[in-house]
Amino acid sequence: MTEQVKFHFDIDGENFTSAGEASVRIKKMLREMGFSSEVIRRVSVAMYEGEINMVIHANGGSADVIVSNDKVEIILADNGPGIADIEQAMKEGFSTAPENIRSLGFGAGMGLPNMKRYTDDMRIESEVGKGTTIYMTVNV
């Protein structure tokens, strides 16, 4: 691959059953492009966690994935309530998910920590009342 390839996905905030579709599609595309199973796994986990967070907390958003020879960049953006305390939100087990979401098996407070764990670089920009953008990079 000599150029970057860009993919865009809209994340539906109304539907838990469609959450994860973008990560499944990216997984398939990366496999077809010949990336290693380790890179594919890391990108898929980070994407999935981000998608679930957008469904739970922000009524959806968008995911942009930029693939190049040496890295996969993921940009997740939403217009949700924002993250009031990013440091606290990064702690394993911390969650603001409502009980009805937890009863479905989501909202355990591992989304952001897992996103950081499976990427080589992660940066969060968030403003309360405006939304959140998360930038992640997985090196190839």
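## A first look

In this predicted model, 44% of the protein chain's 140 residues count as buried. Here, a residue is called buried when under 20% of its relative accessible area is left open. The protein chain exposes about 7600 Å² in total, and carbon and sulfur atoms supply 47% of that area.

## How the chain is built

If you follow the protein chain from its N terminus, you meet its elements in the order β-α-α-β-β-α-α-α-β-β. That makes five helices and five strands. With a radius of gyration of 14 Å, close to the 14 Å given by the globule rule for 140 residues, the protein chain is as compact as a globular protein of that length. Its C-alpha trace spans about 45 × 30 × 25 Å along the principal axes.

How do contacts reach along the sequence? Among those in the protein chain that link residues at least 6 apart in sequence, 64% join residues at least 24 apart.

## A closer look at helix α2

Helix α2 covers residues 37-58. Its 22 residues, at 1.5 Å each, should span 32 Å, and the end C-alpha atoms lie 30 Å apart, which agrees. Is α2 mostly covered or mostly exposed? Mostly covered: 16 of its 22 residues are buried. Just after α2 comes N59, which takes a positive phi of about 55°.

## Where the charges sit

The protein chain carries 14 positive and 21 negative charges. The mean positions of these two groups are 4 Å apart.

Terms used: Residues numbered from 1 in each chain as written. Predicted model: local features only at pLDDT ≥ 70, side-chain atom pairs only at ≥ 80, totals over all residues. Heavy atoms only, no water. Helix = DSSP H or I, 4+ residues; strand = E, 2+ residues; numbered from the N terminus. Rg over C-alpha atoms; globule rule 2.2 N^0.38 Å. Buried < 20%, exposed > 50% of the residue type's maximum accessible area, 1.4 Å probe, protein only. Contact = heavy atoms within 4.5 Å. Areas by Shrake-Rupley, 256 points an atom, 1.4 Å probe, with all protein chains shown as cover. Lys, Arg positive; Asp, Glu negative; His and termini not counted. Charge placed at Lys NZ, Arg CZ, Asp CG, Glu CD. Expected span 1.5 Å × (residues − 1).
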